[in-house]
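Me: I would like a close look at one part of this model, namely the region where the two domains of the longer description meet and what packs there. Please take it slowly and keep the terms explicit.

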Amino acid sequence: MRWGMVIDLVRCVGCQTCTIACKQENGLPAGVLWRFVADSEVGEYPDVRRLFLPMQCMHCVEPPCVPVCPTGASQQREDGIVWVEYDRCVGCGYCAMACPYRARHLIKDASWHFPGQPTPAEQATAQPARRGVMTKCTFCVDRVDRGIARELRPGVDPEATPMCAVACIAGAIIFGDLDDAESPACKLIKERGAVPLMPELGTNPSVYYVTE
Amino acid sequence: MSGPTQKIPVYCYQCVAGPDLLKVIVRDGVAVGVEPNADFAEIHPACGKVCVRAYGLIQKLYNPNRIRAPMKRTNPRKGRREDPGWREISWDEALGLLAEKLNRIRATGLVEETGYPRLAVTFGSGGIAPAYLGTFAAFLAAWGPVDQGIGSGQGVKCYHSEHLYGEFWHRAFTVAADTPRCDYVLSFGYNGDASAGVTGIFRHGEARVRGLRWMQIEPHLSVTGAGATEWVPIRPKTDAALLFGLLYVILHETDWRKTCDVPFLETMTSSAYLVAPHGYYLRDPGSMKPLVWDLERERPVAFDDPKLRRPALEGTFLAAGVELGPDGERWSIADSVRPAFALLRDHVSTYTPAWAEAITDVPAATVRRLAREYLSHAGVGRTIQVDGLTLPHRPVAVLLGKTVSNGWGGYECCWARTVLAALVGALEVPGGILGTTVRLNRPARNRLESVRPGSDGFMAQPLNPTDRARWEASPHIRSGYRTLVPLAADSPWSPALSPAHLPWLFLDQPPEHWPRTTFPEVWIIYRTNPAISNWETGRVEAALERFPFVAAFAYTQDETNWYADLLLPEATDLESCQLYRIGGTKYMEQYWEHTGFALRQPVTDPPVNCRDLTDIATELAERCGLLPAYLQALNRGAGTGVPLKRKYFDVRDPPIRPAAQEVWDRVCRAATLSLTGGKTELGLDWFKAHGAFFVPFPIVNYYLHPVMVAQGLRYELPYQERLKRVGEELGRRLHERGIRWWDAQLDEYRPLPIWRDFPDIWARVALKHGRRPEEFPLWLLTSRSMQYSWGADVSLPVLAEVARLVVGHFGVMLNRRTGLALGIQDGDLVEIESPTGRTKGRAILREGVRPDVAVALQQFGHWATPVARDLGMPSLNQVSAIDLDLTDATGSGADLVRVAIRKV
């Protein structure tokens, strides 16, 4: 079992629905995004292409963020999900330095979208345990685990699937078991030649991109 | 509403590409999030998804900057620097104050001496307001004459020519590609990946994976251009020249008898109709039917002669008959006549690719390639099975975006695009271009039912009359659409599609022989902010200071309600109740296989002292003595779109004032009875639990073709004989009144549109203001932001946070080399100057922008709206002009301005 994701860049329109859905699902404070879609250009006028590239934690098989963690807070599960045990994290930022995908985010303190008090929704979804520690995309591990406990299928049943994939309006984000050759994610990698980002780094990411 | 976690179904209709279905997650009485409504994943065309802005709804609900209670202005002086002095009042006092003003109108007369209604109402946000208005429209129906033509930009800045000509030609208020069955799209600035909502974007994604080739022709590389097969940069406002060039290639550089769909041209269009010397059809003197030349019998016959086998599309023929001109003029003709198609070929014979290149900056070779690719993908002769019916399959489409499809040049582009479809039979058939809905024709719920036989083998058209007896010489509302714009028709939507910027322009300087534009005694505004969304916002603001009484349904303080006298915080998206039609075909790319109704309902206790708009409407009706008329309006479906069934409101004295929930319960029951032919009746409680109710909608209903064939009707293409006559009559009527200031617009009524130097129309604005055109070397354009279109999203920080990731927000985009040549670096503060205004913003240097173009997304320039006022976003509206010279015959303009940009 190795949870992973395939992102179809042919479908992505850079709308940031995944970005905001992730933010909502994970109760992230103002200024913190665990994922985003980069809006970039390749080439020079008039031979230029505009490219939308969703970025997030790659949940690498060889995650450089894990061995550098001085407290052991940065960990990897057997199913491949890389996560942070907040109680052990001191927010030193070594993992952020080690991550080539810039997928680690320090939440310094509470910050609300409007000056002053949090809204009732922010109050209800605040995550005090994350203050002062490094945070990152967890592949919505709580949704995945709860779903499995209910015998739902991650990547198929919305309630067991990471919120970015659930929310994506273009059907561009496919979540699934990369060890299962029959999973939609694996099939997409095979059929459309999906590739990971910066494979030369040897991190063996679990997020693949379909580019054409 | 407290307790465990609930998931409450509602709809989101914050743009016209909705409604979409979602659930609001409510925990211990607090709304904490939204999610797609997976219950309808099999029914919704995009698997039940909702876009980025739906995720802002929670913040919209709890925004601390909301107007928290009704407010009354205490400072009688109005101005940007005048604090309104808001004082909180009760709803009783607020509605009492408004009713007092309204009852004064009823006492003195609903219409003033000028002929204009004393009450004006402006709804913003184009087609989305009805999804949130509750029963307010029923109140207006009970009221009587209301001026709904004081614009906020919503009508004249839309796909305006497409709306008017689209409905005229093929019942297409908006035009979409039949994307799932389309293989090749020529997109002239159509930005559907920002504007077509989740259903459109999902369809586009599926099609790209399937191999759809999408050629994006536009001055800057938009969000939609990012996903295109190829970007073709083009000079702004020259799209018509490229489209004409495409017509030239097809009609003069290919053997059109082999490349075009000749049977379609012969039987489904007016291509064979003979045109006589005065430019009108040659008609049979007895039946007055247009004549065509029968190549077998070698004589003219009526277009619908059952023995006609081979109508001539080419040639010159000597024939006799009559021509029917304006005002019933008839000429007996025995002269040379030509088929309309032959005139079309002649007409485009000078629009060569080389000619197009000189105007558009698109290489002639590219023009030829695009035309030939279009033909090669058209698959003339192919068929496809849809719902058991064999239909033509023409997988090619030409799409037009904003600024292409409105303002000068809009007619020419819409005509050329539709002719391109007709040439290969790709009009209203699988794979081609389709209409989505009707707003000027009726019934609005089903565009197929709006197809009825009219004259000359075409559909009946609801044009405003131009004959001497029926033409409306004195405008009934301030925008005068029945007087000036025959194509605007006269449906409930027509005021919003009228020249709605003219009231602002004519306020102090009415043109000759035109009634003085007055301020309405009461102006009610809803979800609209013309001080931001109109052109020439400075002019608008100056006028706002002088409106005698403005009641504004208000979410936050904004730039328009700053000038209001009364703020009414109506219950917003997640606080109020409404049932709304969903599915079928509608706007943008809403093509469903189901149709039905969806409910929006309160999900939690409102955090402010707001009130459901249905309750406000009902109470206003009662306070104005209109309750019986209001209830009668509800009985017949005014305001709700659903005529009641079985459970009608009793309007006998004294009528009982129903609560919003009671109104919507009856509407829910009527809606389900209507959908099921009386078999199923479901009330409000059922909808609250389930969210929506659907019945199947056949795919074949996407297409007009079967209905046209069944009724033996033709598309009124390529020759615009009717419009020529209408334009001539309109000109006579106006000239008879001494009105000459609409003459430039009258020139648009040509049977075959010509290229005019459209960009020069904007360049010449400088001369009117004592400046030289060359002082303004750049075009400032705007482009759709998915994150910020409509709604109240400008005041939500969470949307700013994610919008910042889409390049172009919070600055002005410039070509990198242009910027560097001007000494401008990325992030520099720059001044944007037009002949009529200045604004500032941060430079964003990009490669995907033509060197002569700058782009400011959406509409900003806020100074009063919380959060938005801190975004520092320049706006085209601050430097654009409201100008008759920039107004086309449909009454619209376009979002582009000649500017100079310099580093501050």
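Reply: Domain bounds here come from an automatic or database domain assignment, and on that footing chain B is divided into domain 1 (175-435) and domain 2 (758-903). This is a predicted model, in which local features need pLDDT of at least 70 and side-chain atom pairs count only at pLDDT 80 or more, while totals for chains, interfaces and linings use all residues. Residues are numbered from 1 along each chain as its sequence is written, and chains are lettered from A and ligands numbered from 1 in the order in which they are written.

The C-alpha centres of domain 1 and domain 2 of chain B lie 33 Å apart. Taking two residues to be in contact if their C-beta atoms, placed from the backbone, lie within 7 Å, 21 residues of domain 1 of chain B are in contact with 25 residues of domain 2 of chain B. On the domain 1 side, the elements giving two or more residues are helix H5 (192-195) and helix H14 (410-423) of chain B, where helices (H or I, at least four residues) and strands (E, at least two) are DSSP runs numbered from the N terminus. That side divides into eight nonpolar, ten polar and three charged residues, with Ala, Val, Leu, Ile, Met, Phe, Trp, Tyr, Cys and Pro counted as nonpolar, Asp, Glu, Lys and Arg as charged, and the others, Gly among them, as polar.

A nonpolar core is a set of buried Ala, Val, Leu, Ile, Met, Phe, Trp, Tyr and Cys residues joined through C-beta atoms within 7 Å, buried meaning that 20 or more other C-beta atoms lie within 10 Å of a residue's own. The largest such core has 375 residues, and those touching the most other members include Phe244(B), Leu247(B) and Ala854(B). Its largest share, eleven residues, comes from helix H8 (residues 239-252) of chain B. Both domains of chain B give residues to this core, so it lies between them. Leaving aside residues up to four places away in sequence, Ala854(B) touches, among others, Leu780(B), Leu814(B) and Ile901(B).

The axes of H8(B) and helix H12 (residues 353-360) of chain B, lines fitted to C-alpha atoms over the stretch in contact, come within 9 Å and cross at roughly 170 degrees. With angles running from 0 to 180 degrees between N-to-C directions and those over 145 counted as roughly antiparallel, H8(B) and H12(B) are therefore roughly antiparallel to each other. Residues of H8(B), including Phe244(B) and Tyr248(B), meet residues of H12(B), including Trp355(B) and Ile359(B), in a contact of nine nonpolar, two polar and no charged residues.

Notes:
A residue is buried if 20 or more other C-beta atoms lie within 10 Å of its own, exposed if 12 or fewer, and partly exposed in between; C-beta atoms are placed from the backbone. Angles under 35 degrees count as roughly parallel, over 145 as roughly antiparallel, 65 to 115 as roughly perpendicular and the rest as oblique.
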